Amino acid sequence: MFTSDNAFSTALTLILSMDSALISIVMLSLQVSLMAVLIASLIALPLGAALALWRFPGRNVVIVALNALMGLPPVVAGLCVYLLLSRAGPLGEWGLLFTPTAMVIAQVILVMPIIAALTQQVEALHGEYAEQLNSLGLTRLRMIPTLLWDARFGLLTVILAGFGRASAEVGAVMIVGGNIDGVTRVMTTSIVLETSKGNLPMALGLG
């Protein structure tokens with residue numbers, strides 16, 4: 001049985017010695033979460049900017065839906081992806097269930113609403129530069145990359161918030177990934193597993 005002191009010291013030793021099991025789990029976690037955030041950003045940044053610039057019927061409904069999806073329970077997202085990718089599901093023939101790809105899909109669903117909803121902050125920027133942008137003859141579509149670039153530092157914080165959501169996720173990746181050793185075992189699912197086994201140094205090291 002590990003005490004608090006020797007658990008921390010053993011965890012530090014695992015980190016400093018670059019324990020292979022620990023490093024492989026960390027690298028897979030980064031691979032999955034970074035890929036999910038990249039894909040979500042490519043979709044959500046233009047979507048959020050478009051919602052900020054365009055007025056159309058149902059716009060408020062879309063905004064409310066995005067804000068609501070920011071609080072989507074991870075296990076619900078995981079269940080939906082599981083049903084899509086399971087053998088009986090519409091995408092079951094792709095064989096993606098219990099793979100890192102399935103985990104990326106689940107994390108994209110969780111991260112995209114956060115980035116899209118928060119990207120709407122460029123609406124204030126558009127109001128500030130509207131006359132200048134209009135004088136240049138830019139259409140609203142062409143304004144999107146300009147505004148996103150000008151707001152890049154604020155949007156970096158938005159993307160980091162999305163990464164935090166992705167990297168801290170447990171429920172969805174557990175459901176669609178299966179926590180398979182060496183295949184889909186990431187930091188959060190490993191921490192749950194190692195804690196239940198009493199292997200506190202590995203859990204702390206991953207934390």
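Two residues are said to be in contact when heavy atoms of theirs lie within 4.5 Å of each other. With that in hand, V176 makes a handy way into this predicted model. Setting aside neighbours within four places in sequence, V176 touches G78, V81, Y82, L97, F98, T99, A102, M103 and A106.

Stepping back, the chain is built from eleven helices and has zero strands. Its C-alpha atoms fit in a box of roughly 70 × 45 × 25 Å, taken along the principal axes. Of the 207 residues, 41% count as buried. Contacts that reach far along the sequence are plentiful here: among those with a separation of 6 or more, 74% link residues 24 or more positions apart. As for the outside, the accessible surface amounts to about 11100 Å², and carbon and sulfur atoms hold 69% of that. The chain carries 9 positive and 10 negative charges, and the mean positions of the two sets sit 9 Å apart.

What about the inside? In soluble globular proteins, nonpolar side chains tend to be buried together. In this model, the largest nonpolar core takes in 44 residues, and I115 and V176 have the most contacts inside it. Helices α2 (20-53), α4 (74-85), α5 (100-119), α6 (122-135), α7 (140-150), α8 and α9 (171-177) each supply at least two of the core's residues. Helix α2 gives the most, with twelve residues. Another core lies apart from this one; it has six residues, including L14, I25, M187 and L206.

I115 also leads to A161, a residue placed in helix α8 (residues 152-167). Although 46 residues separate A161 and I115 along the chain, their C-alpha atoms are 7.9 Å apart. A161 counts as partly exposed, because its relative accessibility of 37% falls between the 20% and 50% cut-offs.

That leaves the salt bridges, of which the structure holds two. One joins R185 to D181, with 3.7 Å between the closest N and O atoms. R185 is buried, at a relative accessible area of 17%, whereas D181 is exposed, at 59%. The other pairs K197 with E194, and here the closest N and O atoms are 3.5 Å apart. Both K197 and E194 belong to helix α10 (residues 187-197), where they are three residues apart, or about one turn of the helix. Their surroundings differ: K197 is exposed, with 55% relative accessibility, while E194 is buried, with a relative accessible area of 8%.

Notes:
Residues numbered from 1 in each chain as written. Predicted model: local features only at pLDDT ≥ 70, side-chain atom pairs only at ≥ 80, totals over all residues. Heavy atoms only, no water. Helix = DSSP H or I, 4+ residues; strand = E, 2+ residues; numbered from the N terminus. Buried < 20%, exposed > 50% of the residue type's maximum accessible area, 1.4 Å probe, protein only. Areas by Shrake-Rupley, 256 points an atom, 1.4 Å probe, with all protein chains shown as cover. Lys, Arg positive; Asp, Glu negative; His and termini not counted. Charge placed at Lys NZ, Arg CZ, Asp CG, Glu CD. Core = buried A, V, L, I, M, F, W, Y, C linked by side-chain atoms within 4.5 Å. Salt bridge = Lys/Arg side-chain N within 4 Å of Asp/Glu carboxyl O.
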